[in-house]
Amino acid sequence: MVAPALAPGLLTLARWRLLAMHREAGVGHVGGNLSALDAMMLLHHEMLTGRDRFVLSKGHAAGALYVTLWSRGLITEAELATFHADGTRLPGHPPARGLPGSRFGTGSLGHGLPLAGGLALAARLQGRDGRVFCLTSDGEWQEGSTLEALVFCAHRRLANLTILIDHNRLQGFGTTAEVASLDPIGRVLSGFDVEVREADGHDLADMRRVLTPGTGRPVVVVLHTVKGHGVPAIEGRLDSHYLPLTEEQVREAMLGSAMLGGATGETA
Ligand SMILES: [Mg+2]
């Protein structure tokens, strides 16, 4: 069965819910959630089947994952209100158990790709169909474990593995270029035996174009994104990595989006 296309209006709704959830919980990490939200929504609404696996390596984008699952009817509205609370099933980084599709607790950066590579190899050894998708940040490519995992995945020619890089060019303490540059990351990683593709991470059609299965090698998709996408006050700003939004910023983001017809930045 072909999944219905993800409507741009649903992206806007998810963005609003994400902003409200973070505001209600009083927590940050909003920028890196907003840069990854569109890709996560596209994967979960159009691409992932029961045979596929998704690993959120950049675990600090847990809010975007929870809102995406909420938009699929897999998490209730009441449960979203428990985000970050004591005893919640929705902590600041994804838990290893208890969430639909969740297998690993992630967020200690550099661990997601080694785990995803293991899932992809296990599936092949067991003769199982399905793809493995791993969403990484760009900063975590400075982690040796991520690069080691890429060597492993390329060596094993894990064509059932698709690695997405949320390339928002910022990390916790500066731009990726300032901290430890791998620019241009697409060209650098193409030196490995993988198939590198690039797309606008806020353009659904462009992402659909590059998220097709690989042919004999792992696929690495560099998604060019904007930290804080959809909230002009924080777009491209370093402080959006950690700092929570003010109530005024949330209100402005929602009003600005509504005045533009709910289609800020994304195309179908
Ligand atoms: Mg980043």
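Just after helix α3, Gly73 takes a positive phi of about 80°, a value read, like the others in this report, from a predicted model. Helix α3 itself, which spans residues 62-71, is mostly covered, with 10 of its 10 residues buried. Among these buried residues are Leu65, Tyr66, Val67, Leu69 and Trp70, and the buried residues of α3 pack against helices α1 and α2, against strand β1 (53-56) and against α4 (77-80).

Most residues other than glycine have a negative phi, and most peptide bonds are trans. Two residues that are not glycine nevertheless have a positive phi, namely His29 and Arg169, and their values are set out below together with the loops in which they lie.

| Residue | Phi | Loop |
|---|---|---|
| His29 | about 65° | between α1 (8-25) and α2 (30-47) |
| Arg169 | about 70° | between β3 (161-167) and β4 (170-171) |

Arg169 counts as partly exposed because its relative accessibility is 41%, which lies between the 20% limit for buried residues and the 50% limit for exposed ones.

The peptide bond that joins Asp183 and Pro184 is cis, with an omega of about -10°, and Pro184 is placed in the loop between α7 (176-180) and α8 (185-189).

An unreviewed UniProt entry places the feature "domain: Transketolase N-terminal" at residues 17-253. Over residues 17-253 the chain is 38% helix and 14% strand, while the C-alpha atoms at the two ends are 12 Å apart.

Technical notes:
Residues numbered from 1 in each chain as written. Predicted model: local features only at pLDDT ≥ 70, side-chain atom pairs only at ≥ 80, totals over all residues. Heavy atoms only, no water. UniProt positions renumbered as here; feature names shortened; annotations may be inferred. Helix = DSSP H or I, 4+ residues; strand = E, 2+ residues; numbered from the N terminus. Buried < 20%, exposed > 50% of the residue type's maximum accessible area, 1.4 Å probe, protein only. Contact = heavy atoms within 4.5 Å.
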